[in-house]
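Let's take a friendly walk through this structure together. Have a look at the sequence and the fold first, and then read on.

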Amino acid sequence: MKILRLIPALLLVAGLSFTSCKPKDADVKASIEKSLKENPSTAGVLVMVNEGVATLSGEVADPAAQAALEASVKAMKGVKSVTNNTTVTPPPPPSPAPVEFATSDVLTQAVKDATKDFAGVTAAVVDGVVTLTGEIKKDQLPKLMMALNSLKPKKIENKLTIK
Amino acid sequence: MALQDKYQAITNAATAAGVSNLQVREQDGVLYIDGTAPSGAVKDQLWDVYGQVDPNFTSGDLILNVNVAMDAAVTHVKVVTDSSNLNIRKGPGTDQPIVGKAAKDEIITLVSRSNDQWWLVRTADGEEGYSYAQYLEPVQ
């Protein structure tokens with residue numbers, strides 16, 4: 001009679017020992033997420049695990065990364081199969097280097113040199129902006145502007161009267 | 001992109017004429033076109049186009065900084081002032097004392113071009129100093 005009472009307990013122990021071989025979905029998900037985070041190229045990938053089937057979503061940089069990701073997740077413990085729903089989104093191109101401007105002292109002197117031979121022209125330099133006032137003959141204007149444009153100013157405000 | 005569109009004609013002309021190291025960048029409402037032109041004629045051509053897009057250069061939204069490639073083999077330059085003599089100064093700046101003069105059309109020796117705006121030159125009389133590059137034309 002005592003043995004019969006033990007049967008449920010035995011079944012329970014047997015049941016428990018079988019389930020401990022198969023990781024829980026939540027644990028599998030956690031360990032996949034940990035490895036995804038460790039790699040900057042997969043940081044944007046999301047994973048769900050149901051009955052050992054891992055479903056991946058989110059963005060990767062290129063098809064090679066997409067395939068490598070699938071292979072590595074498939075090899076992880078507790079993963080029966082992988083459904084790869086990630087999309088390939090190439091990263092944006094690097095932005096160009098910002099424009100360099102002449103320092104204030106250098107620019108002020110350089111503008112003075114450039115305008116010296118243009119009698120009616122007055123130039124003021126403030127924070128990289130060259131403001132031209134006065135007057136100039138139309139055929140002289142391109143020469144002056146060519147000289148000023150090579151001095152690395154931020155901006156040239158032409159308020160000259162063109163004769 | 002609006003400024004790049006406005007001055008598209010300049011960028012196209014620059015590319016077609018073989019301007020190297022061409023950079024077209026927009027910053028704080030101004031477009032900056034930088035590059036090296038293979039010759040003075042190409043630089044002039046780009047300025048002609050600029051003058052058509054923005055007559056009298058009054059928009060204030062472009063800095064066209066395309067300079068002519070420096071040919072290392074040039075040893076002499078011609079003085080191309082409008083009519084007057086060209087001052088040769090002790091240092092690179094109009095505040096520097098004058099140490100000599102060269103006449104219009106005179107050909108003088110180019111000693112060095114380390115400064116973009118002021119070149120070190122020497123006349124036949126041995127006067128050596130800096131002259132404003134805008135008035136000097138390389139002689140082949």
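## Helices across the sheet

In this predicted model, helix α3 (residues 63-74) of chain A lies across β1, β2 and β3 of chain A, at about 160 degrees to β3(A). Helix α2 (residues 25-38) of chain A lies across β1 and β2 of chain A and runs at about 160 degrees to β1(A). Angles run from 0 to 180 degrees between N-to-C directions, with axes fitted to C-alpha atoms, for helices over the stretch in contact. Helices (H or I, at least four residues) and strands (E, at least two) are DSSP runs numbered from the N terminus.

## The sheet of chain A

Beneath this topic sits the strand order: chain A has an open sheet of three strands, β1-β2-β3, with mixed pairing (two strands pair if DSSP finds at least two bridges between them). β1 (45-50) and β3 (81-88) of chain A each have a single partner strand, so one side of each is left without a neighbour in the sheet. From one strand to the next, the twist averages 10 degrees.

β1(A) and β2 (residues 53-60) of chain A run antiparallel and are joined by six bridges. A:Asn50 stands opposite A:Val53 in β2(A).

## Where the chains meet

The contact takes 23 residues from chain A and 21 residues from chain B, where contact means C-beta atoms, placed from the backbone, within 7 Å. On the side of chain B that touches chain A, β3(B) gives the largest share, four residues.

## Reading the model

Residues are numbered from 1 along each chain as its sequence is written, while chains are lettered from A and ligands numbered from 1 in the order written. Local features need pLDDT of at least 70 and side-chain atom pairs count only at pLDDT 80 or more, whereas totals for chains, interfaces and linings use all residues.

Methods: Contact = placed C-beta atoms within 7 Å.
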